Amino acid sequence: MYIIFLGAPGAGKGTQAATVARGLKLTHIATGDIFRQAQGQKTELALKAKEYMEQGKLVPDEITIQMVLERISQPDCETGVIFDGFPRNLVQAKSLDKAFGQQGKAVDSVIYIKVPEEELLERLSGRWICRKCQAPYHKVNSAPKVAGVCDRCGGELYQRADDNIETIKNRLKVFSDETAPLIDYYTQSGKLLEIDGEGDMDEVGNRIISALRK
Ligand code: AP5
Ligand code: MG
Ligand code: ZN
């Protein structure tokens, strides 16, 4: 099973993808998480990605696509993947379709998590994430048991460099200019499942699971 989670910054892709991937035993691939995790290693890829992420722009396609195609060739992706934050434009979507086509695979469903902009701003400005495992928290909506410490792995929580109001605005614009066209792209192929992303996290999770069951 190959599922894509699509949504604006702060829509809850990471939160929901982690839970659904655990439940369905799928591998969770989050391109943003991979880029952030690489920062510690100071590789050429990491430094290049950082430059774009800090401005809220998309990392160039040639870097991103190659990285994802390499990742999905790993054995843990054989039985299924949840893509979180990939593809983010038509070039990426078509590259994934082409690569899958050559392997006799296909994207099964695209979960589009829809949340109003006002709510996105509130979620992103209160978010803290784990430096070690990238788990997302929120100072009000999903606070950790001990302030500043990840419930899951004990890692240190921090605020992402791109979660400041100016960069958030750029990210929202990039979403509407470059990523939103994917809503039409996957509607045309009959794969899009639109989910109301407002309300309790468990409730949103249940909506996703029941949409996938149908
Ligand atoms: P990425 O890390 O993917 O960031 P994003 O798309 O901006 O999305 P976020 O991670 O900010 O939001 P989310 O939807 O995961 O929300 P979350 O679950 O954390 O990408 C970062 C950058 O990397 C990009 O800008 C780009 O530069 C680069 N990049 C990544 N992929 C790329 C690609 N394919 N191509 C090119 N460049 C790429 O939730 C947000 C907050 O809300 C949390 O605090 C959470 O606790 C809270 N929350 C979640 N659900 C709820 C709920 N139901 N109610 C209340 N609060 C909630
Ligand atoms: Mg995320
Ligand atoms: Zn952690």
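Trainee: Which spacing do the donors of the zinc ion (ligand 3) follow along the chain?

Mentor: In this predicted model, those donors follow the pattern C-x2-C-x16-C-x2-C. They are the SG atoms of Cys130, Cys133, Cys150 and Cys153, at 2.3 to 2.4 Å from the zinc ion.

Trainee: What makes these sulfur atoms donors of the zinc ion (ligand 3)?

Mentor: A donor must be an N, O or S atom within 2.8 Å of such a metal. The SG atoms of the four cysteines lie 2.3 to 2.4 Å from the zinc ion, so they satisfy that cut-off.

Trainee: Why is the arrangement around the zinc ion (ligand 3) called tetrahedral?

Mentor: Four donors count as tetrahedral if all angles lie between 85 and 135 degrees. Here the angles run from 97 to 116 degrees, and therefore the arrangement is tetrahedral.

Trainee: Where in the chain are cysteine 133 and cysteine 150?

Mentor: Cysteine 133 is in the loop between strand E5 (127-130) and E6, while cysteine 150 is in the loop between E6 and strand E7 (157-158). The two are 17 residues apart, and the pair links distant parts of the chain.

Trainee: How do you know whether cysteine 150 is buried or exposed?

Mentor: Buried means under 20% relative accessible area. Cysteine 150 has 4%, so it is buried. Cysteine 133 has 33%, which lies between the limits of 20% and 50%, so it is partly exposed.

Trainee: Glutamine 134 also belongs to the loop between E5 and E6. Why is glutamine 134 called buried?

Mentor: Its relative accessibility is 8%, and because this is under 20%, glutamine 134 counts as buried. Its backbone deserves notice as well: glutamine 134 has a positive phi of about 70 degrees although it is not a glycine.

Trainee: What is the phi of lysine 42, and where does lysine 42 lie?

Mentor: Lysine 42 has a phi near 55 degrees, again a positive value in a residue other than glycine. Lysine 42 is placed in the loop between H2 and helix H3 (44-53). Its relative accessibility is 59%, which is over 50%, so lysine 42 counts as exposed.

Trainee: Which residues does the cis peptide bond join?

Mentor: The bond joins phenylalanine 86 and proline 87, with omega at about -10 degrees. Proline 87 is in the loop between strand E3 (81-84) and helix H5 (90-102).

Trainee: Let us turn to ligand 1. How many residues surround ligand 1, and which are the closest?

Mentor: Ligand 1 is surrounded by 37 residues, of which the closest are Thr15, Lys57, Arg88, Arg127 and Arg171. By class, the shell has 13 nonpolar, 14 polar and 10 charged residues.

Trainee: What makes the approach of lysine 57 to ligand 1 a polar contact?

Mentor: A polar contact is a pair of N or O atoms within 3.5 Å. A backbone N or O atom of lysine 57 lies 2.6 Å from an oxygen atom of ligand 1, so the pair meets this limit. Tyrosine 137 likewise places a backbone N or O atom 2.7 Å from an oxygen atom of ligand 1. For valine 59, a backbone N or O atom lies 3.0 Å from a nitrogen atom of the ligand.

Trainee: How much of the area that ligand 1 exposes when taken alone does the protein bury?

Mentor: Taken alone, ligand 1 exposes 1,000 Å², and the protein buries 96% of that. The elements giving two or more residues to the shell include helix H1 (13-24) and helix H2 (31-38). H2 provides the largest share, four residues.

Trainee: Why is lysine 57 called partly exposed?

Mentor: Lysine 57 has a relative accessibility of 44%, between 20% and 50%, and therefore counts as partly exposed. It lies in the loop between H3 and helix H4 (61-72). Lysine 57 and arginine 171 are 114 residues apart in sequence, yet 6.6 Å apart in space from C-alpha to C-alpha.

Trainee: Threonine 167 is in helix H7 (residues 165-179). How do you know that threonine 167 is buried?

Mentor: Its relative accessible area is 7%, under the 20% limit, so threonine 167 is buried. Its side chain makes a polar contact with the side chain of asparagine 164, at 2.9 Å.

Terms used: Residues are numbered from 1 along each chain as its sequence is written. Chains are lettered from A and ligands numbered from 1 in the order in which they are written. This is a predicted model: local features need pLDDT of at least 70, side-chain atom pairs count only at pLDDT 80 or more; totals for chains, interfaces and linings use all residues. Side-chain values use heavy atoms; hydrogens and water are left out. A residue is near a molecule or strand if one of its heavy atoms lies within 4 Å of it. A polar contact is a pair of N or O atoms within 3.5 Å; within protein, one must be able to donate a hydrogen and the other to accept it, and residues adjacent in sequence count only if both atoms are side-chain atoms. Accessible areas come from the Shrake-Rupley method with a 1.4 Å probe; for residues, only the protein chains shown count as cover. Ala, Val, Leu, Ile, Met, Phe, Trp, Tyr, Cys and Pro count as nonpolar, Asp, Glu, Lys and Arg as charged, and the others, Gly among them, as polar. Donors are N, O and S atoms within 2.8 Å of the metal (3.2 Å for Na, K and Ca); water is not among the atoms, so sites may look incomplete. Four donors count as tetrahedral if all angles lie between 85 and 135 degrees; four count as square planar and six as octahedral if opposite donors are over 155 degrees apart and all others between 65 and 115; anything else is irregular. Buried means under 20% relative accessible area, exposed over 50%, partly exposed in between (1.4 Å probe, protein chains only).
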